[in-house]
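Please examine the sequence and the three-dimensional structure shown below. The paragraphs that come after them form a guided explanation.

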Amino acid sequence: MTVCPTATEGRPFGRVLTAMVTPFDTEGKLDLDHAQQLAAYLVDRAGNDGLVVNGTTGESPTTSDEEKERLLRAVSEAVGDRATVVAGVGTNDTAHSVELARGAEKAGAHGLLVVTPYYSKPPQEGLYTHFTTVADATELPVMLYDIPPRSVVPIQVDTLKRLAEHPRIRAVKDSKHDLQAGTEVMADCDLAYYSGEDPLNLPWLSVGAVGFVSVIAHVVGDRLRRMLDAHEAGEVSTAREINRGLLPVYRAMSSVGGVVFAKTAMRLCGYETGQPRLPLPSATEEQVRVITSDLWDAGLVLVNPDSATEVTPR
């Protein structure tokens, strides 16, 4: 099995991973130059030791398989082994997910993120077979993505314990908001938990999570790393203080959703990633004003605030 370059004991995918946006140019086409610049920035300057490419924040529902592969190759080339590159390959079609997983392995991914199949509402046995089939398709380690607000069906505790027996299923990105369920899983098996819901990052650490797959790490990855370090050092009051300082950032993201927030925030910080593809709209002038105000409240230095203006959605 492949070992991720930033893996450590108990952390198979590293510590702080950004769920990276996919940059588009002014015509809405994939912008690989800006993708490589963004990836290098997130790893070399923003405190991340991993990137999730082609995930939900990467607008995977609106990118083609060819675009996914080209983006993954570009990001892998940009960061090399300085960071763990995790490819989002989950769909609601097992055969398609297997195809994407094999393509991701060839394109240089270090690991796979596999989301619960959405819309079709499979039973737990269907989930188990789906995940193990994808895990069997490559030599890459797998992070499950449990997000019933989007997929409807949660991965139940017993199913997670069964999945943990697979040698390549190593972790869970949890967006289920159920700390009790996660605690039960961690108590009985060695699945590593990563918080997939930024406002719950610190609570997840308190019950045993080992890191984050974060949207706000686009702009505050260094603070998330400091919060994790403080918590593990027993400096709980410091971790709480850092978390309190992030409240405006959580608020800004919650107001517009992850993709719109991250693309607007990156533009405000001087990194152009283009506008979202429909059905996600561009930020309105009022939304940009709110995000700007919240980021200022969080103490971020905004180097390009005048460029984050409303753009007519494509």
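The text that follows goes through strands, helices, charged pairs, aromatic rings and cysteines in turn.

The model is a predicted one, and local features are taken from it at pLDDT of at least 70, while side-chain atom pairs count only at pLDDT 80 or more.

A convenient place to begin is strand β6, which spans residues 169–174. This strand is mostly covered, with 5 of its 6 residues buried. Strand β5 (residues 142–146) runs parallel to β6 and is joined to it by 5 bridges. Within the pairing of these strands, L144 stands opposite V172 of β6. Strand β6 also pairs with β7, again in the parallel sense, over 4 bridges. There, A171 stands opposite A192 in β7. As a general point, side chains in a regular strand alternate between the two faces of the sheet.

Strand β7, residues 192–195, leads on to the aromatic pairs, since Y194 lies in it. The structure holds 3 aromatic pairs. In one of them, the ring centres of F13 and Y194 are 6.3 Å apart and the planes stand at 80 degrees; because an angle over 60 degrees counts as edge-to-face, the pair belongs to that class. F13 is in the segment before β1, 181 residues from Y194, so the pair links distant parts of the chain. Both partners are buried: F13 has a relative accessibility of 0%, and Y194 likewise has 0%.

Rings also take part in contacts with charged groups. The charged end of R162 sits over the ring of Y128, at 3.8 Å from the ring centre. In a second case, the charged end of K173 sits over the ring of Y145, at 4.0 Å from the ring centre.

The segment before β1 also contributes to the charged pairs, through R11. A search of the whole structure finds 18 salt bridges. Among them is the one between the side chains of E232 and R11, with 2.0 Å from N to O. This pair links distant parts of the chain, with E232 in helix α9 (residues 217–232) and R11 in the segment before β1 (16–19), 221 residues apart. The two partners differ in exposure: E232 is partly exposed, with a relative accessible area of 47%, whereas R11 counts as buried at 11%.

A salt bridge within one helix is formed by R73 and E69, at 3.2 Å from N to O. These residues are 4 apart in helix α2 (residues 65–79), which means that about one helical turn separates them. The general rule is that an α-helix has 3.6 residues a turn, so residues three or four places apart point the same way. R73 is partly exposed at a relative accessible area of 39%, and E69 is partly exposed at 35%.

A further salt bridge joins the side chains of R267 and E272, at 3.1 Å from N to O. Here R267 is buried, with a relative accessible area of 5%, while E272 is partly exposed at 35%. Elsewhere, salt bridges that share partners join R11, R15, D229 and E232 into one network.

Two helices show how packing is arranged. In helix α11 (residues 247–256), the residues P248, V249, Y250, A252, M253 and V256 are buried. The buried residues of α11 pack against α10 (236–245), α12 (258–268) and α13 (285–297). After α11 comes G257, whose phi is positive, near 95 degrees.

Helix α7 (residues 179–188) contains L179. This leucine is partly exposed, with a relative accessible area of 21%; because buried means under 20%, L179 does not count as buried. Leaving aside neighbours within four places in sequence, L179 is in contact with L200, P203, W204 and V207. By contrast, L179 and L140 are 39 residues apart in sequence and 27 Å apart in space, C-alpha to C-alpha.

The cysteines remain. How many disulfides does the structure hold? The structure holds 0 disulfides. For C189, the closest cysteine sulfur is in C4 at 18 Å, and this is too far for a bond because a disulfide requires sulfur atoms within 2.5 Å. C189 is itself buried, with a relative accessible area of 19%. C269 is buried too, with a relative accessible area of 15%.

Terms used
Residues numbered from 1 in each chain as written. Heavy atoms only, no water. Buried < 20%, exposed > 50% of the residue type's maximum accessible area, 1.4 Å probe, protein only. Helix = DSSP H or I, 4+ residues; strand = E, 2+ residues; numbered from the N terminus. Contact = heavy atoms within 4.5 Å. Salt bridge = Lys/Arg side-chain N within 4 Å of Asp/Glu carboxyl O. Phe/Tyr/Trp six-rings, centres within 6.5 Å; stacked < 30°, edge-to-face > 60°. Lys NZ or Arg CZ within 6 Å of the ring centre and 35° of its normal. Pairing = 2+ DSSP bridges.
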